[in-house]
Amino acid sequence: MPVIRFIREGRDVECYPGENLREVALREGLELYGLKGQLGNCGGCGQCITCFVDVVAEASPGALSPRTAVEDRKLRRRPEGWRLACQALVQRSLIVLTRPQAGLADREALLAAARAEPLAAGPTAWPTTEPPSETGPTGQESSATADEAVEEGPSGG
């Protein structure tokens, strides 16, 4: 699975390829929003621009889906590495700084440490599952066949 290294939080989080970056961060209980975003965000529609993150590009080339038209409009005056978490789909492992607009003590040291430790590449596809079988877990007939037998009654007719 791809790994997202959250610098500010000091955590590595696994996710499936194609998962939304905002949803992964919220699922893991990471503080994605500053005060303004906590008080009122758009819920992932790309309209409020409060979920932006800084992607450490040299450590994560092509790790996210391409910028959307919404991001191009909303982030035109922001640094190139900033993305809207709600618009970004994780393709491969990457390094992210949440709330890049907020100060971070030892930012450069934390970035250097995050870059120095290799990220697991992970699979590039969702795991496959076996289709459900016709028999139940004990190997008995399926419930549809059992229900049909009950409707016929004891006389078989």
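Visitor: Which residue in β5 does Asp54 stand opposite?

Guide: In this predicted model, Asp54 stands opposite Leu97 in β5. The two residues belong to neighbouring strands: β3 covers residues 52–55, and β5 covers residues 94–98. Three bridges join these strands, which run antiparallel.

Visitor: Which other strand is joined to β3, and how many bridges join the two?

Guide: Strand β4, residues 82–84, is joined to β3 by three bridges, and these two strands run antiparallel. To follow the pairing at one residue, take Val53, whose bridge partner in β4 is Arg83. Strand β3 is thus paired with β4 and with β5.

Visitor: How should the side chains of a strand be read, and which residues lie on each side of β3?

Guide: The general idea is that side chains in a regular strand alternate between the two faces of the sheet. In β3, Phe52 and Asp54 are on one side, while Val53 and Val55 are on the other.

Visitor: Are these four residues of β3 buried or exposed?

Guide: Phe52, Val53, Asp54 and Val55 are all buried, and both faces of the strand are covered. For the protein as a whole, buried residues make up 36% of the 157 residues.

Visitor: Where does β3 fall in the order of elements along the protein?

Guide: The elements run β-β-α-α-β-α-β-β-α-α from the N terminus on. Strand β3 therefore follows two strands and two helices in that order. The protein has five helices and five strands.

Visitor: What do β1 and β2 form, and how many residues lie between them?

Guide: They form a hairpin with four residues between the strands. Strand β1 comprises residues 3–6 and β2 comprises residues 11–14; four bridges join them, and they run antiparallel. One pairing to locate is that of Phe6, whose bridge partner in β2 is Arg11. In the turn, Gly10 has a positive phi of about 65°.

Visitor: Which residues other than glycine have a positive phi?

Guide: The general idea is that most residues other than glycine have a negative phi. Among those with a positive value here are Ile49, with phi near 50°, and Asp106, with phi near 60°.

Visitor: Where do Ile49 and Asp106 lie?

Guide: Ile49 lies in the loop between α2 (35–39) and β3. Asp106 is placed in the loop between β5 and α4 (107–116).

Visitor: Is Ile49 buried or exposed, and is Asp106 buried or exposed?

Guide: Ile49 counts as buried because its relative accessible area is 18%, below the cut-off of 20%. Asp106 counts as exposed because its relative accessible area is 60%, above the cut-off of 50%.

Visitor: How many salt bridges does a search of the whole structure find?

Guide: The search finds seven. One of them is formed by Arg5 and Asp12, whose closest N and O atoms are 2.9 Å apart. Arg5 is buried, with a relative accessible area of 7%, whereas Asp12 is partly exposed at 41%.

Visitor: Which residues are linked in a network of salt bridges?

Guide: The network links Arg11, Glu19, Arg27 and Glu28. Within it, the side chains of Glu19 and Arg27 meet at 2.6 Å, N to O. Those of Glu28 and Arg27 meet at 3.7 Å, N to O. Glu19 is buried, with a relative accessible area of 13%. Arg27 is partly exposed at 46%, and Glu28 is partly exposed at 28%.

Visitor: Which residues form a positive surface patch?

Guide: The patch is formed by Arg73, Lys74, Arg76 and Arg77. Of these, Lys74 is found in helix α3, residues 69–74. At 30% relative accessibility, Lys74 counts as partly exposed.

Visitor: What separates the C-alpha atoms of Tyr16 and Met1, given their places along the chain?

Guide: Tyr16 and Met1 are 15 residues apart along the chain, and their C-alpha atoms are separated by 5.6 Å. Tyr16 lies in the loop between β2 and α1 (21–27). With a relative accessible area of 27%, Tyr16 is partly exposed.

Technical notes: Residues are numbered from 1 along each chain as its sequence is written. This is a predicted model: local features need pLDDT of at least 70, side-chain atom pairs count only at pLDDT 80 or more; totals for chains, interfaces and linings use all residues. Side-chain values use heavy atoms; hydrogens and water are left out. Buried means under 20% relative accessible area, exposed over 50%, partly exposed in between (1.4 Å probe, protein chains only). Two strands pair if DSSP finds at least two bridges between them. Patches are made of residues with over 30% relative accessible area and no salt bridge: like charges are joined within 9 Å, nonpolar side chains (Val, Leu, Ile, Met, Phe, Trp, Tyr) within 5 Å. Accessible areas come from the Shrake-Rupley method with a 1.4 Å probe; for residues, only the protein chains shown count as cover. A salt bridge is a side-chain nitrogen of Lys or Arg within 4 Å of a carboxyl oxygen of Asp or Glu. Lys and Arg count as positive and Asp and Glu as negative; His and the chain ends are not counted. The place of a charge is taken as NZ of Lys, CZ of Arg, CG of Asp or CD of Glu.
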